[in-house]
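I opened this model to look up its sheet, its helix packing and one residue near the start of the chain. My entries follow in the order in which I looked things up.

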Amino acid sequence: GAGREAGAALAGARAAVVVAGGGGHVSDACEALSAFAEALALPVATTNMGKGAVAETAELSLGVMANCLGPNGSGRHLKDFIAKADVVLLVGSRTNQKGTDSWTLYPPGARLIHLDIDGQEIGRNYDALRLVGDARLGLEAMLDIARTMDLSARTGQRAALAARIAEGRQKHQQESAAVRLCNDTPIRPERIMHERDALLGPDDTVVADASYSTLWVTNYLRARRAGQRFITPRGLAGLGWGMPMAMGARLAQEGGHVFCLVGDGGFGHVWSEMETCKRMGIKVITILINNGILGYQKHAENLKFGDHTSAVDFSPVDHAAIARAWGIHGVPVAGPSGIATALEAAKEAKDATLIEVMCTENAYPPITFYTPERQA
């Protein structure tokens, strides 16, 4: 049936790739996805919500391929694995605007195979071979089918594919070094992420608020294992959900630490939840980017209209003092050298911690739309 047709298409493809969405996490398909990709020597990318579906340290992982493929983007030098593919397997993906870089990422001539439990998602935006079913069960069935086929053409490419991916990763590291290792004050968010990534454990969970916070996380933190969770909002009006969602994540599991990245704009909606953390003994480590603005709003207004409204700039707020007033740890960080120290102390602390980092407002995630060629 369709499963055998999909297996044959992938096995015989000149250049095939898998793109996993958030449905892979929902169906607990991460191990099955990794096994399938390994058996067929398939590069695996994810959407923002699919981040962590495979270990991003694995040889054939492309990381997140979504709406941040501009300068310094983690997938910038790997996007040809999708753009030049002749077969693309979509797993648990809504093929929405962000996940497809405004529907420009997938090549028009490629054959798409779409596995999703919701049949209405398949074909919503792209014509595809329909595989309606649970992602984990579907991948396990497809692997059983694929193992009956001649996979030598695929597996023979593995070494070359791994070398190309390693080269693309290295280019990203070189290109982004200036912002990731920047010692300027106010601090760049990329430097926060560099320090956070160095201390990220495989059992840690990362939650991000909407807007820029999500994009800093998806681009500059690396999943250490298949199934590691990076929980981000990808719907309407998500601003402010970060810390409450992190609290829920903490209560839902026992292992590792739960880190949350928020901006000052979104966090202003939920200051009172710090009291809930103290009262209920919920330990989350919240990193607050304080740049004094609604970043995405201000930058987008300047880009589109050449000016911005008065609603995007804030009066100075001492968020660390507010945290201490609620009874949790409030730690201000004014220079890059203090980031790692604050993170280590927060991990050792019994109560929740808010780390307030004073950041520049002139830092932009590598959103593809911000690049000149996409604005033309």
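The entries below go from the sheet to the helices and then to a single residue.

**Entry 1: the sheet**

I note at the outset that this is a predicted model. I looked up the strand order first and found six strands forming an open sheet, E8-E7-E9-E10-E12-E11, in which the pairing is parallel. Strand E8 (230–231) and strand E11 (329–333) are the edge strands, and because each has a single partner strand, one side of each is left without a neighbour in the sheet.

**Entry 2: the pairings, one by one**

I then went through the bridges between strands. Strand E7 (residues 205–208) runs parallel to strand E9 (residues 258–263) and is joined to that strand by four bridges, with Val206 standing opposite Phe259 in E9. Helix H9 (residues 212–220) packs on the sheet here, where it touches E7, E8, E9 and strand E10 (285–290), and the direction of H9 makes about 135° with that of E9.

Moving on, I found that E9 and E10 pair in the parallel sense over five bridges, and that Val262 has Leu288 of E10 as its bridge partner. E10 is in turn joined to E12 by six bridges, again with the two strands running parallel, and there I recorded Met358 in E12 as the bridge partner of Asn290. Helix H14 (residues 319–326) lies across E10, E11 and strand E12 (353–358), and runs at about 165° to E11.

**Entry 3: strand E10**

Is E10 buried or exposed? Six of its six residues are buried, so I take this strand to be largely enclosed by the rest of the structure. In a regular strand the side chains alternate between the two faces of the sheet, and I therefore checked the faces separately. Both faces of E10 are covered, since Ile285, Ile287 and Ile289 on one side are buried, as are Thr286, Leu288 and Asn290 on the other.

**Entry 4: two helix pairs**

For helix H3 (residues 30–40) and helix H5 (residues 135–146), I looked up an angle of about 25° and an axis separation of 9 Å. The two helices are therefore roughly parallel to each other, and their crossing is left-handed. On the H3 side the contact is made by Ala32, Leu33, Ala35, Phe36, Ala39 and Leu40, and on the H5 side by Arg136, Leu139, Glu140, Met142, Leu143 and Ala146. By class, the residues of this contact divide into 10 nonpolar, no polar and two charged.

Helix H10 (residues 242–252) and helix H12 (residues 273–280) pack at an angle of about 20°, with their axes 10 Å apart, and I therefore enter H10 and H12 as roughly parallel to each other. The crossing of H10 and H12 is left-handed. In this contact, Met243, Pro244 and Met247 of H10 meet Glu273, Met274, Thr276 and Cys277 of H12, which gives a division into five nonpolar, one polar and one charged.

**Entry 5: Ala2**

Last, I looked up Ala2, which is found in helix H1 (residues 2–11) and is partly exposed, with a relative accessible area of 29%. Which residues does Ala2 contact, leaving aside its neighbours within four places in sequence? I found Leu129, Arg130 and Leu131. I also checked Ala2 against Thr46, which is 44 residues away in sequence and lies 23 Å from Ala2 in space, C-alpha to C-alpha.

Technical notes:
Residues are numbered from 1 along each chain as its sequence is written. This is a predicted model: local features need pLDDT of at least 70, side-chain atom pairs count only at pLDDT 80 or more; totals for chains, interfaces and linings use all residues. Side-chain values use heavy atoms; hydrogens and water are left out. Two strands pair if DSSP finds at least two bridges between them. Contact means heavy atoms within 4.5 Å. Axes are lines fitted to C-alpha atoms, for helices over the stretch in contact, and angles run from 0 to 180 degrees between N-to-C directions. Buried means under 20% relative accessible area, exposed over 50%, partly exposed in between (1.4 Å probe, protein chains only). Angles under 35 degrees count as roughly parallel, over 145 as roughly antiparallel, 65 to 115 as roughly perpendicular and the rest as oblique. A crossing is left-handed if the near helix is turned anticlockwise from the far one by less than a right angle, and right-handed if clockwise. Ala, Val, Leu, Ile, Met, Phe, Trp, Tyr, Cys and Pro count as nonpolar, Asp, Glu, Lys and Arg as charged, and the others, Gly among them, as polar.
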